[in-house]
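Okay, thanks for coming, everyone. I'd like to walk you through one protein this morning, so let's get it up on the screen.

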Amino acid sequence: MLTSLSLPAPRALPAATALPLPKGPVFGWRSLAGARDATLPWVGSLLACVPTTSGRAALYQALQQLQLSPGDAVLVPSYHCPTMVAPVVCAGLQPRFFAIGPDGLPRLDLIDAAQRSAARAIIVAHYFGMVHNLDPVRAWCDEHGIALIEDCAHALFGAADGHAVGRWGDFCTASISKFLPVSEMGLLASARRPVVWAGQTPGARAQLKCAVDVLEKSSRHGRPAGLALALRGLFFIKNRKQDGARPVPDVHRSPGAETAAELQARMLIECDMGRVDQAPGWAARVLHRLLPRQRMVSRRQRNFDLYRQQLQALPGAHALVADRPVDSAPYVYPLWVDDADRVYQHLRDERMPVFRWDRVWPHAQVAPDDRGPAWSRHVLQLLCHQDLSAADVRRVAASVRLGIERACAQTPRP
């Protein structure tokens with residue numbers, strides 16, 4: 001149970017004069033600091049492990065490894081990012097959605113006999129970077145002959161009840177770009193099966209882009225110190241030349257008027273599944289191999305705990321996870337907000353590092369007692385990554401408090 005904390009009244013922040021807060025890890029000199037090995041187990045240490053271009057590419061390749069037949073059903077959680085569903089569709093398989101409980105684990109009791117008999121695989125995620133014991137899910141899969149894909153996109157590091165992350169699934173997948181300052185890279189791994197796949201080597205242009213993107217993203221946030229200003233000038237010139245060749249976005253499109261088929265087609269395009277058969281660029285692989293890992297763990301833990309301290313006793317909001325598991329390196333701090341629409345819009349306007357999974361795949365069934373639909377609407381995910389300083393986290397928390405204060409002021413009283 002969280003205790004009350006007396007906080008000063010929130011004030012508007014001078015965001016326009018400050019550098020934008022990074023929405024993911026960015027490369028700087030501090031990326032090279034800290035112990036090489038993390039204190040927590042991680043997906044990269046599993047027996048079989050190969051790099052992919054992204055976490056969604058890893059999901060696609062995991063499905064390929066299972067050698068499923070076209071049209072086979074794959075169980076997917078009702079609370080999802082579109083990139084969790086797109087690999088299923090691209091593999092020629094049928095996503096079937098299941099309910100989740102208050103801990104984010106599958107409500108296995110709500111998966112009926114028809115769903116079980118049709119399903120050949122199930123995707124189970126460790127949401128927010130909190131690793132859960134999947135022994136019951138593993139036993140259920142073994143009983144019904146269903147392959148388990150452990151989605152570790154949020155949980156590159158961690159353990160539960162003495163079991164390391166990634167060891168329950170027939171295959172597990174991870175998203176390296178959520179944890180390291182790289183523009184692309186995922187992992188397909190397994191502690192139970194061999195991984196028989198080697199991605200196609202990308203061409204010289206893709207290799208160069210992989211390296212350049214790392215520096216361009218870092219320069220936008222003032223890093224590496226001493227080089228950022230010069231790099232920003234170079235990238236300004238590069239992007240200015242490219243702007244004329246970029247297509248003009250369709251600003252007249254009305255998503256609400258789309259059919260389910262049109263919405264699915266657009267979501268597939270936005271998920272960018274074009275490089276699922278390629279290996280990541282050399283720059284990403286080198287950084288993955290060389291960068292110390294302990295800083296990623298300790299700073300994420302610190303930032304999560306700081307969010308918890310800063311966001312206690314808020315009207316109309318509460319922590320979705322009361323306590324951080326000791327053996328975790330959180331991806332985000334999940335915050336339930338009653339008036340999430342107004343607060344989320346405020347945070348987006350302020351360019352805060354926060355998002356929510358409010359884009360649900362067409363035909364996702366809603367079952368009784370399913371927490372997924374409510375999470376999609378009300379849970380805001382505040383990023384915890386290692387390149388947010390303590391001051392950055394306080395700035396985000398202040399913006400959250402201000403957004404909630406404004407939302408409360410706009411809500412009519414009964």
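Before we look at the sheet, one bit of vocabulary: two strands count as paired here if DSSP finds at least two bridges between them. And keep in mind that what you're seeing is a predicted model.

With that in hand, here's the sheet. Seven strands make it up, running β1-β9-β8-β5-β4-β2-β3. It's an open sheet, and the pairing is mixed. At the edges you'll find β1, residues 48-52, and β3, residues 94-98, each of them pairing on one side only. If you go from strand to neighbouring strand, ignoring direction, the average turn is 25 degrees.

Let's zoom in on one pair. Strand β8, residues 171-175, and strand β9, residues 186-190, run antiparallel and are joined by four bridges. If you want a landmark there, C172 stands opposite A189 in β9. Packed on this sheet is helix α1, residues 55-65. That helix touches β1, β2, β4, β5, β8 and β9, and its direction makes about 165 degrees with that of β8.

Stepping back for the overall numbers: the protein has 12 helices and 13 strands. There are 414 residues, and 53% of them count as buried. Take the contacts between residues at least 6 apart in sequence, and 76% of those join residues at least 24 apart. As for the surface, about 19,200 Å² is exposed, with carbon and sulfur atoms supplying 55% of that.

Now for the charged side chains. How many salt bridges does the structure hold? The count is 20, and I've picked three to show you.

Number one is D170 with R138, at 3.2 Å from N to O. D170 sits in the loop between β7 and β8, while R138 is in helix α4, so this pair ties together parts that are 32 residues apart in sequence. Are these two buried or exposed? Both D170 and R138 are buried.

The next one is E270 with R359, where the closest N and O atoms are 2.4 Å apart. E270 belongs to helix α7 and R359 to the loop between β12 and α11, so here the parts being tied together are 89 residues apart in sequence. E270 is partly exposed, at 40% relative accessibility, and R359 is partly exposed too, at 35%.

Then there's R308 with D305, meeting at 3.4 Å, N to O. These two share helix α9, residues 294-310, and sit three residues apart, about one turn of the helix. R308 and D305 are both buried. Going back to that earlier pair, D170 and R138 also belong to a network with D142 and R193, joined by salt bridges that share partners.

Last stop, the aromatics. The structure holds 14 aromatic pairs. Take Y331 and F355: their ring centres are 6.2 Å apart and the planes are at 50 degrees, so we call this pair tilted. Y331 is in the loop between β10 and β11, and F355 is in strand β12, so the pair connects parts 24 residues apart in sequence. Why does Y331 count as buried? Its relative accessible area is 9%, and buried means under 20%. Zoom out a little and you'll see Y331 and F355 in a cluster with W42, F157 and F179, linked by ring pairs.

That's my tour, so over to you for questions.

Definitions and conventions. Residues numbered from 1 in each chain as written. Predicted model: local features only at pLDDT ≥ 70, side-chain atom pairs only at ≥ 80, totals over all residues. Heavy atoms only, no water. Buried < 20%, exposed > 50% of the residue type's maximum accessible area, 1.4 Å probe, protein only. Contact = heavy atoms within 4.5 Å. Areas by Shrake-Rupley, 256 points an atom, 1.4 Å probe, with all protein chains shown as cover. Phe/Tyr/Trp six-rings, centres within 6.5 Å; stacked < 30°, edge-to-face > 60°. Axes fitted to C-alpha atoms, helices over the stretch in contact; angles between N-to-C directions. Salt bridge = Lys/Arg side-chain N within 4 Å of Asp/Glu carboxyl O.
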